[in-house]
Amino acid sequence: MFADKVLVHFNQIFSPIDLGRPLKGKEMSDATIIEDGFIAIKDGKILALGSGEPDASLVNAQTEIIDYTGKMASPGLIDCHTHLVYGGSRENEFSKKLNGVSYLDILREGGGILSTVRATQAASFDTMYDKTKNLLDKMLVHGVTTVEAKSGYGLNWETEKRQMDVVKKLDEMEPIDLVSTFMGAHAIPAEFKENPEGFIDIIIEEMLPKVKEENLAEFCDIFCETGVFNAHESRKLLLAAKEMGFKLKIHADEIDSIGGVDVAAEVGAVSAEHLMAATDEGIKKMADANVIGNLLPGTTFSLMVNTYAPAKKMLDAGMAITLSTDSNPGSCPTANIQFMMQLGCFEMGLTPIQVFNAVTINAAYSIDRGDTIGSFKEGKRADIAIFDAANIDYPLYFFATNLVKDVYKDGQLVVKDFARI
Ligand SMILES: N=CN[C@@H](CCC(=O)O)C(=O)O
Ligand SMILES: [Zn+2]
């Protein structure tokens with residue numbers, strides 16, 4: 001079969017080992033690095049990968065050959081945890097943070113997530129659509145080809161649905177693929193302050209069935225944290241969601257370790273998110289239950305708390321880990337997954353190979369897309385990030401600068417010379 005196009009002469013191609021499941025522990029230290037590599041694409045899918053000149057069997061007169069001498073390629077990056085769709089912004093909290101006011105104190109005073117909830121309830125579909133599209137374009141130029149997006153700034157059905165409708169339409173209209181997560185249990189609405197379980201009951205009885213019926217989300221997530229939802233409430237919601245056919249995620253051990261990790265293991269969550277306060281016991285439980293640890297170092301950075309998730313301990317325990325932006329207006333306002341990867345190296349001690357595995361193959365499995373993206377296996381979607389770098393170390397060493405030069409989505413060039421086309 002002849003390729004539609006072949007990208008040739010990459011100095012290096014980072015090609016994750018694809019075992020048909022997330023890479024765990026030591027497996028995350030391995031990858032195939034192809035020197036003088038080529039990637040052949042047919043009908044938007046990976047046709048072949050190799051070194052040197054592509055075989056004659058891949059190329060005919062119609063095949064477009066594109067030269068990438070001196071560059072490095074990886075599968076399109078996957079941002080597997082974001083809170084993308086919202087109204088307003090929260091730079092007004094920045095000076096409070098600089099003055100030492102904590103994230104949970106701001107929330108307790110009715111700010112934080114609750115202030116974004118007010119702005120989101122007031123924002124129209126079109127306003128949120130345009131704002132989110134803008135953010136997606138920024139992510140795309142940083143090499144991201146698939147994004148998970150959570151609701152959770154509505155806390156009432158109308159607004160939660162509006163957020164998920166925005167995700168659905170962006171997925172249809174934009175080159176980036178979006179995977180939708182319903183996170184109605186992101187904060188406790190003021191009227192349920194004394195009765196958070198009452199709000200969980202409303203989510204279970206009134207919201208989840210509609211999310212399912214209207215096919216608005218694949219995953220269900222909850223914020224299990226001091227002052228938000230406790231382990232009992234989290235377990236109750238996630239078990240009900242599982243019963244209705246949702247795949248599960250949980251925000252756990254972000255600031256305090258209050259049992260969210262145990263819930264993740266018990267209910268069979270695909271992933272537990274944050275884990276900055278994860279204990280050795282919790283890590284063992286997640287490893288035993290095959291819960292993927294989704295680590296969000298930009299949040300630690302932005303919260304100015306210096307408590308990075310113990311990534312190396314997780315790998316030693318045999319866990320699979322991912323990295324993502326957590327892009328949101330409060331605890332991590334960013335569109336730059338490359339900076340998260342750099343924090344993975346600088347602050348968590350991960351190697352470049354571990355970091356690239358985290359944001360490609362493992363991120364794909366954490367959003368249940370391991371069969372179609374995350375590696376260069378033949379037949380997977382031709383989503384490719386091309387770095388203005390000669391090897392995989394360079395984009396981690398040269399930090400806080402966008403080094404993605406070109407991006408292909410389903411075999412089509414969507415970013416060229418650092419700009420969206
Ligand atoms: N921790 C809970 N949710 C988000 C923050 C949302 C916000 O502050 O607006 C997170 O994952 O960090
Ligand atoms: Zn989050």
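Which residue in S5 does Ile13 stand opposite? The answer is Ala73. This model is predicted. The chain is divided into domain 1 (5-76 + 376-420) and domain 2 (78-366). The briefing starts with the strands around S5 and then turns to where the domains touch.

**Strands around S5**

- Strand S5 covers residues 72-75, and strand S1 covers residues 5-15.
- S1 and S5 run parallel, joined by two bridges.
- Ile13 faces Ala73 of S5.
- Strand S14 (residues 384-387) also pairs with S5, this time in the antiparallel sense.
- Four bridges link S5 and S14.
- Ala73 has a bridge partner in S14, and that partner is Ile386.
- In general, side chains in a regular strand alternate between the two faces of the sheet.

**Two domains**

- Domain 1 is made of two stretches, 5-76 and 376-420.
- Domain 2 is the stretch 78-366.
- Their C-alpha centres lie 29 Å apart.

**Where the domains touch**

- On one side, 32 residues of domain 1 take part; on the other, 30 residues of domain 2 are in contact with them.
- Five elements give two or more residues each to the domain 1 side: S5, helix H15 (394-397), strand S15 (404-409), strand S16 (412-416) and strand S17 (419-420).
- S15 gives the largest share of that side, three residues.
- By residue type, the domain 1 side has 20 nonpolar, five polar and seven charged residues.

**One strand, two roles**

- S5 pairs with S14, and S5 also gives residues to the side of domain 1 that touches domain 2.

Conventions:
Residues numbered from 1 in each chain as written. Chains lettered and ligands numbered in written order. Predicted model: local features only at pLDDT ≥ 70, side-chain atom pairs only at ≥ 80, totals over all residues. Pairing = 2+ DSSP bridges. Domains from an automatic or database assignment. Contact = placed C-beta atoms within 7 Å. Nonpolar A, V, L, I, M, F, W, Y, C, P; charged D, E, K, R; others polar.
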